[in-house]
Amino acid sequence: MSCSHRIFHCSCTPSFLLKQSHSKIKKMEHKFDSEAVIQEFESLTKDAKRVQLETLKKILKENGEAEYLKKWNLNGKFDPQTYSSCVPLVTHKDLEPYIQKIADGASYPVLTGKPITTITLSSGTTQGKPKFVPFNDELTETTMQIYRTSFAFRNREFPIGNGKALSFIFGSKQFTTKGGLLAGTATTNVYRSAQFKKTMQAMQTPSCSPDEVIFAPDFHQSLYCHLLCGLIFREEIQVISSTFAHSLVHSFRTFELVWSELCSDIRTGVLSAKITLPSIRTAMAKVLAPNPDLADEIQKKCLGLTDWTGLIPEMFPNCKYIYAIMTGSMEPYLKKLRVYAGGVRLLSADYGSSEGWIGANVNPDLPPEMTSFTVLPNIGYFEFLPLTESNEVDSVGPEPIGLTDVQLDEEYEVVVTNVAGLYRYRLGDVVKVIGFHNSTPKLQFVCRRNLMLTINIDKNTEKDLQLSVETAAKLLADEKLEVLDFTSHVDLTTDPAHYVIFWEVSGEASDAVLKECCNCLDKSFVDAGYVSSRKVNAIGPLELRVLRKGTFQKILDHYVGLGSALSQFKTPRCVGPSNRKVLQILCNNVVKSYVSNTFG
């Protein structure tokens, strides 16, 4: 994919900032200049309202001939008032027919003036199947801008030298649509871009793994070789990263199982026979050579660890920090990640989705649980829908407000207009405004709007579920066990309907403890609607179903089979009836079941 070589701005950078950026860009083409990036960021955020107006104007002007925009009769007007009164709020369902036309090879502009050349596949964990989302070079540019911005602030706090990154990144399966467009996950589209490599090189964090490992069609073989490359270059590893915290925990849980085999490969210089892909074997032959001393050192360190605590600093002594998205549905993995990290700092990555980016983490010194994201006002046009009881996805509610009109401590749903053909698109994310950086808001991710346990008047969010699981899981600690992963389901087949919580536990827990866990889960949902419904039996007793070991691996395999990448995988926290395959996997792997008697 050909990408622009501009360093500071995406294609929608306001014209009044372009001139002052130009000289800085030239200086940065060969060497990353953190202070120049920060200075540019300060310029953008000081006049966020004006930048937003320029950004909207540029997006609408460039795409005015597209079928979708012509339909709404903007008549050459690019101001926010005309835009919001003419163009409706939409969800993916509304844009699906237009995206399908593009995927089928429409020869005229459908959503954008310039042709869309690539389709992004969402992870599919929310709705059960991947969505098609338009992707173009401009989105790659905004991605690089986010990467550079957050890295500049990280590097100011935690400077790194010239080294390598152990990046657990995985390309997904790509396929060609009916119209000849290449389709793959957002991460795959970015990783395959020339600009990604160039940016990582400039930021002194190129991946220690060859491309053949990153883009291998078998993620099990890919992961094994990522770990092997990390050990071979262990002294040079400055950063350990992945898209999500889940894939970091998954990767080091895999390390626990295969470390002895990795040592054998390093000792003999011969790659394990279980790596069967010729492309990987050829690439790994260039980095793997017999090194008995290194194998002995790694073996000694592994045998000296207690419960794998401090695994990362032992294996990678020069690692400055661990970097991934650690907010929202990733928070449950932080406890285990901290065990592996020892004293190595955890830094949460930026806020984006398959539909594009929203903001960067410019306060990297804060722990992941306190991470906020500062909106970059030139990477899209942003609106915020105030939350009310009534404004569900299909209902009429209050009108969205602009980026600089949001109020401190209020919660909103994010509405995005981006450079790749999404106009007033409801992202489905709920965020809270916790402050401002100059004139642009700092957001904390709260939850996904449609991921909610609800039967009657109860409303329990993903965060409520997480807190309930965390509270109940403490009861397993005495037996030295942990909840490896969890999800939930509303069972409407019983009368009254009830919540089902699925757990995969690290070992065998006693019936008495699991029964106590089940009761604890039930009473830990403190939503008033839930408690009152349970008391009058309008909602039935909560059920805890314990799963066979490896069940969540089967769910991961299922999503990878659909085209998702390991690094983009998020465990679905609430499995709805439309997600039949995942529900089937869960139900087919239940080994024990417990029913709460908390409310009698």
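**Exercise 1.** Which residues do ring pairs link into a cluster?

*Solution.* This is a predicted model, in which local features need pLDDT of at least 70 and side-chain atom pairs count only at pLDDT 80 or more, while totals for chains, interfaces and linings use all residues. Residues are numbered from 1 along each chain as its sequence is written, and side-chain values use heavy atoms, with hydrogens and water left out. Rings of Phe, Tyr and Trp (its six-membered ring) pair if their centres lie within 6.5 Å, with planes under 30 degrees apart called stacked, over 60 edge-to-face and the rest tilted. Ring pairs of this kind join Tyr68, Trp72, Tyr98 and Tyr423 into a cluster.

**Exercise 2.** Classify the pair of Phe255 and Trp308, and place both residues in the chain.

*Solution.* The rule gives a count of 18 aromatic pairs. In the pair of Phe255 and Trp308 the ring centres are 6.0 Å apart and the planes stand at 90 degrees, so the pair is edge-to-face. Phe255 belongs to helix H12 (residues 245–268), whereas Trp308 sits in the loop between helix H14 (292–303) and helix H15 (311–315), so the pair ties together parts 53 residues apart in sequence. Helices here are DSSP runs (H or I, at least four residues), numbered from the N terminus.

**Exercise 3.** Decide whether Phe255 and Trp308 are buried or exposed.

*Solution.* Buried means under 20% relative accessible area, exposed over 50%, and partly exposed in between (1.4 Å probe, protein chains only). Phe255, at 2% relative accessibility, counts as buried, and Trp308, with a relative accessible area of 16%, is buried as well.

Notes: Helices (H or I, at least four residues) and strands (E, at least two) are DSSP runs, numbered from the N terminus.
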